[in-house]
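Subject: Structure for you to look at

Dear colleague,

Here is the structure I said I would pass on. My notes on it follow below.

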Amino acid sequence: MAVEKTKKEHYVPRCYLKRWGNCEEQVYVYDKYLKKTRINNVYDVACEKFYYDIDYHELSEDKIAFLKSIGINPEKDEQFIEHFLAEHIENTYSKLLANIVNKELTPWHEKNCCFVNNQDRLDLALCLVFQYIRTKGTRNSIVDTSNCLEQLLKELNYSKETIERYTIKQKEERIVQGNMLLDINQIVDLMQSFWNLTWVLGINQTDVPFYTSDNPIGTYPHIRHSIMSMSGIGSKGVEVFLPLSPNHILLMFDRSYHTEISSYDGRYVSLDDIDDINHYNRLCTYNSSRCVFSCNPDFSLIEKILIDNPTVFEIPKVSISFGGKKYFPQ
C-alpha cells in the first residue's frame with residue numbers, strides 16, 4: 001500500500017507552535033504583508049505544500065548514503081527531507097521543549113539550578129541548527145543574495161558563464177536549501193557555534209506574552225560594521241534569541257563580548273520589565289518573514305511600530321556591499 005504524501009510541510013514544527021496555541025491549537029497571526037490579524041490552526045501556519053520535496057538526483061552520493069544509514073531511502077521516498085526532520089529531529093525537539101517549558105520552578109530552583117544539562121544542550125543545539133536552516137526566511141535569503149550577487153557581477157562585466165556558475169537559477173533555492181539541511185559538515189559547524197554561546201533562559205514575569213514567528217530564531221548585532229553583517233550565529237558581539245513559549249525565551253550571547261553574562265551560562269533569569277518583553281517582541285517582528293504569532297490577539301506593539309515607521313517592513317533583509325555601493329534584491 002502506498003504511503004499517503006504529506007501535503008503541508010512545516011518549516012516551523014507544530015510541536016513548537018502549539019506552545020502559543022489555545023485548547024484547539026489555534027494561534028493568533030499578524031500578517032505583515034496584509035497588515036491584518038487572523039486566527040489559524042497551527043497545522044495551517046508556517047507551512048507550504050510540498051515545501052521540502054526535491055528529486056534525490058540533486059543530492060550527492062554521501063548525502064544519499066547518510067539518509068540510507070538512518071533508515072531513509074531517498075530513491076524510494078519522495079519526501080525524504082520531510083521524513084528525516086519529522087523522525088530524527090522533531091521528536092527530540094518536542095521532548096526538549098517540554099522538559100524546559102513544563103518544568104515547575106520554585107524561586108530556589110531558579111536561583112540555584114541550570115535549565116538544561118550538557119547532553120540536552122547538545123541535542124538542543126542540533127535542533128536549533130535545523131530550525132535556523134529550514135525556514136522560508138532562509139530560502140528567501142538564498143534567492144535575494146543570489147540576486148544581489150548577479151547585479152554586482154554584471155556591473156563588473158563578468159561573463160555570462162561566470163555569473164551562472166556563482167548564482168542560482170529561478171526556483172533552484174529549494175534544492176539549495178534541501179542540500180543545506182543534509183550537509184553534515186555545515187550542520188556540525190553551526191551546532192558548535194550555537195554550543196559556544198552563553199545560554200540563558202529568560203522567564204517572563206509580566207502579563208505581556210512573548211511573540212514568535214515564521215522565522216523564530218533571530219539575531220541582534222551588538223557591534224556594527226560599515227561593510228560586514230555582524231548578525232551571524234558566530235559573529236563577534238551577537239545575541240541570538242528564540243522564544244520557547246509565551247513565558248520563556250532562550251537567549252544566547254557571544255561569550256567573548258558579553259563577558260558580564262558568562263557567569264549566568266545555563267541559568268534562569270527573571271524578566272519582570274515589560275520594556276524587556278516588548279524589546280524582544282519587536283526583534284521577533286522585524287526578524288519574521290511574513291507572520292508573527294501570539295497566544296492572544298493583542299498586536300498593538302506592531303501597530304505602534306508601523307505608526308512610527310510605516311515602511312519599516314519593506315526594508316530588504318539582504319544586501320551586498322562592494323566598492324562603496326550597496327546592492328539590494330530586485
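Of the 330 residues in the chain, 45% are buried. Please keep in mind that this is a predicted model; the values below are all computed from it.

Overall fold

The chain holds 11 helices and 13 strands. Its radius of gyration is 20 Å, close to the 20 Å that the globule rule gives for 330 residues, so the chain is as compact as a globular protein of that length. The C-alpha trace spans about 65 × 60 × 40 Å along its principal axes. Counting contacts between residues at least 6 apart in sequence, 74% join residues at least 24 apart.

The four-stranded sheet

One open sheet is formed by four strands in the order S3-S2-S11-S6, with antiparallel pairing. Strand S3 (36–41) and strand S6 (212–213) are the edge strands, each pairing on one side only.

Strand S11 pairs with S2 and with S6. Strand S2 (residues 26–31) is joined to S11 by four bridges, and the two run antiparallel; Val29 has Phe293 as its bridge partner in S11. S6 and S11, also antiparallel, are joined by two bridges, and here Ser213 stands opposite Val292 of S11. Both faces of S11 are covered: Cys291 and Phe293 are buried on one side, Val292 and Ser294 on the other.

Strand S9 and its partners

Why can strand S9 be called largely enclosed by the rest of the structure? Six of the six residues of S9 (residues 248–253) are buried, that is, under 20% relative accessible area, so the strand is largely enclosed. The burial applies to both faces: His248, Leu250 and Met252 lie on one side, and Ile249, Leu251 and Phe253 on the other.

S9 has pairings with S5 and S8. Strand S5 (residues 198–204) pairs with S9 in the antiparallel sense over six bridges, and strand S8 (residues 238–245) is joined to S9 by six bridges, again antiparallel. His248 takes part in both pairings: in S9, His248 is the bridge partner of Ile203 and also of Ser245. S8 leads into S9 through a hairpin of two residues.

The second largest pocket

The second largest pocket has a volume of about 250 Å³. It is lined by 16 residues, of which Tyr11, Lys136, Asp214, Arg290 and Cys291 are the closest to its centre. Strand S4 (47–49), helix H6 (136–155) and strand S11 (291–294) are the elements that give two or more residues to the lining. By type, the lining divides into seven nonpolar, two polar and seven charged residues. Cys291 thus appears twice in these notes: among the residues closest to the pocket centre, and as a buried residue on one face of S11.

A loop residue

Where does Asn73 lie? Asn73 is in the loop between helix H2 (61–69) and helix H3 (80–101). Its relative accessible area is 23%, which falls between the limits of 20% for buried and 50% for exposed, so Asn73 is partly exposed. Asn73 and Tyr56 are 17 residues apart in sequence, and their C-alpha atoms are 9.5 Å apart in space.

Regards

Key:
Residues numbered from 1 in each chain as written. Predicted model: local features only at pLDDT ≥ 70, side-chain atom pairs only at ≥ 80, totals over all residues. Heavy atoms only, no water. 1 Å grid on protein atoms, 1.4 Å probe; cavity = no way out; pocket = protein on both sides within 12 Å on 5 of 7 lines; lining within 4 Å. Points joined across faces, edges and corners; volume = space filled by probe spheres on them. Nonpolar A, V, L, I, M, F, W, Y, C, P; charged D, E, K, R; others polar. Pairing = 2+ DSSP bridges. Buried < 20%, exposed > 50% of the residue type's maximum accessible area, 1.4 Å probe, protein only. Rg over C-alpha atoms; globule rule 2.2 N^0.38 Å. Contact = heavy atoms within 4.5 Å.
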